[in-house]
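Let's take a walk through this structure, from its empty spaces to its packing and its charged pairs. Keep the viewer open as you read.

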Amino acid sequence: YDAEPNSMTRFAAIIVNDIDDMVHGQHQGRMGMFNDVTLWAKEGKLQALIKKLLDKGFRVYLTADHGNTHCIGGGSIKKLGVETETKSKRMVVLKDFAEASDDLKGRTYVYPGHYMDKKYQYLICSGRTSFDNKNEDVMTHGGISLEEVIVPFVEVRKKNG
C-alpha cells in the first residue's frame with residue numbers, strides 16, 4: 001500500500017494479495033469472507049492508494065487473477081501417487097502410476113492439462129465440492145465454476161473527473 005511511483009513511472013502494476021490470503025484462510029464460509037472484506041475495506045489502505053495514484057494522474061484499474069466460490073468438502077484423498085493441489089483443494093494430480101478410483105472419477109472432471117506435464121493426470125472437482133474434510137463449509141478457488149473463472153476488470157475514476 002506504500003507504493004510511490006515517481007514522475008518517470010509510466011506504468012505500475014501493484015499487487016495486493018489480501019483478498020486471496022483471506023480466501024485461503026477462510027473457515028467461516030461466505031459470511032466470514034464478507035465480514036473479513038468489510039473490515040479490510042474499513043481500514044482504507046486500498047482507497048488511500050487509489051486516491052494517491054489518481055492524484056498523480058495515473059489511470060487505475062482493479063482486477064483479480066481468479067474468482068472464488070463456496071464449496072462443501074467431499075473428503076480428502078490420501079493414497080500413494082495422488083497429490084491434492086494444496087491451496088484450493090479443487091484439483092488432484094495423479095502421478096503416472098496412480099489410478100483414479102470410481103469414487104474419484106464420479107466427483108471430478110478430467111482436465112486435459114494444457115501446458116502442463118503430460119505424464120500426470122489432472123482431475124478437477126465437479127459442482128460445489130472440494131477435497132476438504134467431509135461436509136466442511138469452505139471458500140475456495142481453483143476450479144472451473146463461473147465464479148472462479150470470470151473476474152472483474154474495473155476502471156476507477158475521480159468523481160466528476
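What follows is a short report on pockets, cores, salt bridges and two single residues.

## Before we start

Bear in mind that this is a predicted model.

## The big pocket

Start with the open space. The largest pocket has a volume of about 1100 Å³, and 31 residues line it. If you want to find its centre, look for Ile14, Tyr61, Leu62, Thr63 and Ala64, the lining residues that lie nearest to that point.

Which elements build the wall? Helix 1, helix 3 and strand 1 (60-63) each put at least two residues into the lining of the largest pocket. As for character, the lining of this pocket splits into 21 nonpolar, 6 polar and 4 charged residues.

## One enclosed cavity

Now for the closed space. The structure has 1 cavity of 30 Å³ or more, and the largest cavity comes out at about 40 Å³ in volume. Its lining is made of Tyr1, Trp40, Ala41, Glu43, Lys45, Leu46 and Gln47. Helix 2 (29-43) and helix 3 (45-55) are the elements that give two or more residues to that lining.

By type, the residues around the largest cavity are 4 nonpolar, 1 polar and 2 charged.

## Two nonpolar cores

The largest nonpolar core has 13 residues, and those touching the most other members are Met33, Ile50, Leu53, Leu54, Val60 and Val156. Helix 1 (18-25), helix 2 and helix 3 each bring at least two residues to this core. Helix 3 gives the largest share, with 5 residues.

Met33 is a handy place to zoom in. Leaving aside residues up to four places away in sequence, Met33 touches Ile19, Met22, Val23, Gln26 and Met139. Apart from the largest core there is another one, of 10 residues, with Ile77, Val82, Ala98 and Ala100 among them.

## Salt bridges across the sequence

How many salt bridges turn up in a search of the whole structure? The search finds 10 of them. One of these pairs Lys158 with Asp55, whose closest N and O atoms are 3.1 Å apart. Lys158 sits in the segment after strand 9 (153-156) and Asp55 in helix 3, so this pair ties together parts that are 103 residues apart in sequence. Both partners are partly exposed: Lys158 has a relative accessible area of 42%, and Asp55 is at 44%.

Lys89 and Asp132 form another salt bridge, with 3.7 Å between the closest N and O atoms. Lys89 is in the loop between strand 3 (82-84) and strand 4 (91-94), Asp132 is in the loop between strand 7 (129-130) and strand 8 (137-140), and the two are 43 residues apart. Is Asp132 buried or exposed? Asp132 counts as buried, at 10% relative accessibility, while Lys89 is partly exposed at 32%.

Then there is Arg128, whose side chain meets that of Glu147 in a salt bridge at 2.8 Å, N to O. This pair also links distant parts of the chain, 19 residues apart: Arg128 belongs to the loop between strand 6 (121-125) and strand 7, and Glu147 to helix 5 (residues 146-149). Arg128 is partly exposed, with a relative accessible area of 40%, and Glu147 counts as partly exposed at 31%. Elsewhere on your tour, look for Glu4, Lys52 and Lys56, which are joined into one network by salt bridges that share partners.

## Two residues worth a look

Thr140 belongs to strand 8. With 3% relative accessibility, Thr140 counts as buried. What does Thr140 touch, not counting residues up to four places away in sequence? Its contacts are Val23, Asn68, Thr69, Cys71, Ser88, Lys89, Arg90 and Glu148. You have already met Lys89 as the salt-bridge partner of Asp132, and Val23 as a contact of Met33.

Met116 is in the loop between strand 5 (108-111) and strand 6. This residue is partly exposed, with a relative accessible area of 31%. Setting aside residues up to four places away in sequence, Met116 touches Met91, Tyr111 and Tyr122.

Notes. Residues are numbered from 1 along each chain as its sequence is written. This is a predicted model: local features need pLDDT of at least 70, side-chain atom pairs count only at pLDDT 80 or more; totals for chains, interfaces and linings use all residues. Side-chain values use heavy atoms; hydrogens and water are left out. On a 1 Å grid over the protein atoms alone, a cavity is a set of points where a 1.4 Å probe fits but cannot get out, and a pocket is an open set with protein on both sides within 12 Å along at least five of seven lines; lining residues have an atom within 4 Å of a point. Grid points are joined across faces, edges and corners, and a volume is the space filled by probe spheres set on the points. Helices (H or I, at least four residues) and strands (E, at least two) are DSSP runs, numbered from the N terminus. Ala, Val, Leu, Ile, Met, Phe, Trp, Tyr, Cys and Pro count as nonpolar, Asp, Glu, Lys and Arg as charged, and the others, Gly among them, as polar. A nonpolar core is a set of buried Ala, Val, Leu, Ile, Met, Phe, Trp, Tyr and Cys residues joined through side-chain atoms within 4.5 Å. Buried means under 20% relative accessible area, exposed over 50%, partly exposed in between (1.4 Å probe, protein chains only). Contact means heavy atoms within 4.5 Å. A salt bridge is a side-chain nitrogen of Lys or Arg within 4 Å of a carboxyl oxygen of Asp or Glu.
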